[in-house]
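Student: I keep meeting words like "buried" and "salt bridge" and I'd like to see where they come from. Could we go through a structure together?

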Amino acid sequence: MNSNRKKALGLAGGIVAVIAIVALVIYLVYARSNPEANPFTLQMGQSLNADGTAVTDNGTSFSRSKTIYAIADYPDSDVTKDHTAIMAVISESTGKVVQQQEVEEDESTQQVAMELDNKNWEPGIYELTFARSGTMVGTINFSLHE
C-alpha cells in the first residue's frame with residue numbers, strides 16, 4: 001500500500017471519528033434539554049409544604065446557612081418501579097459526589113426526597129442528579145452562596 005493511500009485512509013478515519021463525536025454531543029445536548037421526554041419532576045428549595053411532599057420555594061440559588069430539600073416526583077402511571085434510584089449531589093469544582101442517597105423502588109414509591117447536608121459545603125456550583133438503574137432521568141444545576 002502506498003503512502004498516499006495510507007494518508008487518505010487515515011484522513012477518512014479521522015473524519016468519520018469527528019462526525020461520530022459531533023453526533024454524540026448533539027444527541028446528548030438534545031436529550032438533556034428535552035424535558036417533555038422525562039416523566040420525572042425534580043425540585044429543590046429551602047421550605048417544604050405542610051405535608052413535606054413538595055418545596056414551596058423551588059429555585060436554583062441557595063444560601064448554605066439553611067437546609068436544602070431535593071425531591072424527585074414519580075409520574076402517576078407508565079413507570080415500572082423496580083429500579084435502584086440514586087439521587088446525588090456533585091461539586092462542579094471538584095467533580096466529586098458530596099452527598100448521595102440510594103432507594104430501592106417498589107410499587108409504593110411516589111417520590112425520592114433528600115435533605116442536603118449543605119451547611120459545610122463550599123460556596124459554588126453543584127449538580128443534583130437523579131438516576132434509575134444507571135440511567136440519568138434528571139439533573140438540576142444550582143449555586144450555593146454564603
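Tutor: Sure, let's take some labels one by one and check each against its cut-off. Keep in mind that this is a predicted model.

Student: What makes up the secondary structure of the chain?

Tutor: One helix and eight strands. Along the sequence they come in the pattern α-β-β-β-β-β-β-β-β.

Student: And why is the chain called more spread out than a compact globule?

Tutor: Set two values side by side. The globule rule gives 15 Å for 146 residues, but the radius of gyration here is 21 Å, which is well over that, so the chain counts as more spread out. The C-alpha trace spans about 75 × 40 × 25 Å along its principal axes.

Student: Why is L11 called exposed?

Tutor: The cut-off for exposed is over 50% relative accessible area. L11 has 57%, so it is exposed. You'll find L11 in helix α1, residues 3-32. Together with I15 and I19, L11 forms a nonpolar surface patch with about 310 Å² of accessible area.

Student: Then why is S133 only "partly exposed"?

Tutor: Partly exposed covers what falls between buried, under 20%, and exposed, over 50%. S133 comes in at 44%, so partly exposed is the label. S133 sits in the loop between β7 (124-132) and β8 (135-145), and its phi is near 50 degrees, a positive value in a residue other than glycine.

Student: What about D78: buried or exposed?

Tutor: D78 has a relative accessible area of 80%, so it is exposed. D78 also has a positive phi, near 65 degrees, without being a glycine. Its place is the loop between β3 (68-73) and β4 (84-91).

Student: How do you know that the side chains alternate along strand β6?

Tutor: Follow residues 111-116 and look at which face each side chain points to. V112, M114 and L116 point to one face and are buried, whereas Q111, A113 and E115 point to the other and are not.

Student: Which strand pairs with β6 over six bridges, and in what sense?

Tutor: β3 does, in the antiparallel sense. Two strands count as paired with at least two bridges, and β3 and β6 have six. Within that pairing, A70 stands opposite M114.

Student: What makes R64 and E146 a salt bridge?

Tutor: The cut-off is a side-chain nitrogen of Lys or Arg within 4 Å of a carboxyl oxygen of Asp or Glu. For R64 and E146 the N to O distance is 3.4 Å, and that fits. This pair links distant parts of the chain, 82 residues apart: R64 is in the loop between β2 (61-63) and β3, and E146 is in the segment after β8.

Student: How many salt bridges does the structure hold?

Tutor: Two. E105 also forms one with R132, the closest N and O atoms being 2.7 Å apart. E105 lies in the loop between β5 (97-104) and β6, and R132 in strand β7, so the pair ties together parts that are 27 residues apart in sequence.

Student: Are E105 and R132 buried or exposed?

Tutor: Both are buried. E146, by contrast, has 61% relative accessibility, so it counts as exposed.

Student: Last one: which residues is K119 in contact with, leaving aside its neighbours within four places?

Tutor: R64, S65, K66 and T67. K119 itself is in the loop between β6 and β7, and with 45% relative accessible area it is partly exposed.

Technical notes
Residues numbered from 1 in each chain as written. Predicted model: local features only at pLDDT ≥ 70, side-chain atom pairs only at ≥ 80, totals over all residues. Heavy atoms only, no water. Patch = residues over 30% accessible without salt bridge, like charges linked within 9 Å, V, L, I, M, F, W, Y side chains within 5 Å. Areas by Shrake-Rupley, 256 points an atom, 1.4 Å probe, with all protein chains shown as cover. Helix = DSSP H or I, 4+ residues; strand = E, 2+ residues; numbered from the N terminus. Buried < 20%, exposed > 50% of the residue type's maximum accessible area, 1.4 Å probe, protein only. Rg over C-alpha atoms; globule rule 2.2 N^0.38 Å. Contact = heavy atoms within 4.5 Å.
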